[in-house]
Amino acid sequence: MKHIVFTVILSLLFASCGEDTVPKPKGQLRLEYLEPTYGLLKGSCSYSFDINDVVKVKSKDVCSFELHYPKMKATIYLTYKPVDNNIEDLLRDAQKLTYDHVIKADDILEQPFVNKDKKVYGMFYEVGGNAATNAQFYVTDSTKNFVVGSLYFYAKPNYDSILPAASYVKNDIRKIMETIEWK
């Protein structure tokens, strides 16, 4: 009986010898997006701007829009407000909207925007971390027009997972800010 047990153990030892098992590296999600092409979004509003051709536009109400990115499950919400001696209130509300996310945000990077030729002044907020929004912005001419925008994804906030899509849409937001023109 001892010989049988010894033979079984010895054969198992020889059978287990071979190549070392190496764990496989974790896979990385690779998201690639087409190079954006832009067209002018204009209508009866007092402003116009360039938008990405992949965007599906839905009007919310007078001059406020939802810019949907169906493949990324993302939306930029644009809200237009007329300036009527209330620019300070509008600026305060736009800043409050951004800083309400400070609880979940790792950081909030403010990037001022000024285009004196087109009379466009604003701020782009890049929100880092697992906040509900990754980017917010506002633009104004300081006298008549004010537009505020927010980017939201239809997913649980996980900054690392949505980073490629968020970067793509943030570039589109910058394009909106750069091309907006008041009528």
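A nonpolar core here is a set of buried Ala, Val, Leu, Ile, Met, Phe, Trp, Tyr and Cys residues joined through side-chain atoms within 4.5 Å. Keep that in mind for the first stop. The model is predicted.

**Stop 1: the cores.** Select Tyr47, Phe49, Leu67 and Ile76. These residues have the most contacts inside the largest nonpolar core, which has 34 residues. Now colour the elements that give two or more residues to this core: strand 2 (47-52), strand 4 (64-69), strand 5, strand 7, strand 8, strand 9 and helix 3 (159-179). Helix 3 gives the largest share, 8 residues.

Centre on phenylalanine 49. Leaving out residues up to four places away in sequence, phenylalanine 49 touches Gly39, Leu40, Leu41, Leu67, Leu78, Ile176, Thr179 and Ile180. Next, pick Ala94, Ile108, Met123 and Val148. They are among the 12 residues of a second, separate core.

**Stop 2: helix 2.** Select residues 87-99. At 1.5 Å a residue, the 13 residues of helix 2 should span 18 Å, and the end C-alpha atoms are indeed 18 Å apart. Which residues of helix 2 are buried? Leu90, Ala94 and Thr98. Look down the axis: the buried residues fall within an arc of 75°, so they line one face of the helix. Their cover includes strand 5 (74-82), strand 6 (105-115), strand 7 (120-129), strand 8 (133-140) and strand 9 (145-153).

Stay on helix 2 and show aspartate 89 and arginine 92. Their side chains form a salt bridge at 2.6 Å, N to O. The two lie 3 residues apart, about one turn of the helix. Aspartate 89 is partly exposed at 40% relative accessible area; arginine 92 is partly exposed at 48%.

**Stop 3: salt bridges across the chain.** The whole structure holds 4 salt bridges. Show lysine 118 and glutamate 181, which pair at 3.6 Å, N to O. Lysine 118 sits in the loop between strand 6 and strand 7, glutamate 181 in strand 10 (residues 181-182), 63 residues apart.

Move to glutamate 126 and arginine 174, another salt bridge, at 3.5 Å, N to O. Glutamate 126 is in strand 7 and arginine 174 in helix 3, so the pair ties together parts 48 residues apart in sequence. Add Lys170: Glu126, Lys170 and Arg174 are linked in a network of salt bridges.

**Stop 4: proline 36.** Find proline 36 in the loop between helix 1 (2-16) and strand 1 (38-41). Proline 36 is partly exposed, at 24% relative accessible area. Beyond its neighbours within four places in sequence, proline 36 contacts Asn52, Tyr168 and Asp172. Aspartate 53 is 17 residues away in sequence from proline 36 and 7.1 Å away in space, C-alpha to C-alpha.

Terms used. Residues are numbered from 1 along each chain as its sequence is written. This is a predicted model: local features need pLDDT of at least 70, side-chain atom pairs count only at pLDDT 80 or more; totals for chains, interfaces and linings use all residues. Side-chain values use heavy atoms; hydrogens and water are left out. Helices (H or I, at least four residues) and strands (E, at least two) are DSSP runs, numbered from the N terminus. The expected span of a helix is 1.5 Å times one less than its number of residues. Buried means under 20% relative accessible area, exposed over 50%, partly exposed in between (1.4 Å probe, protein chains only). The arc is that of the directions from the helix axis to the C-beta atoms. Contact means heavy atoms within 4.5 Å.
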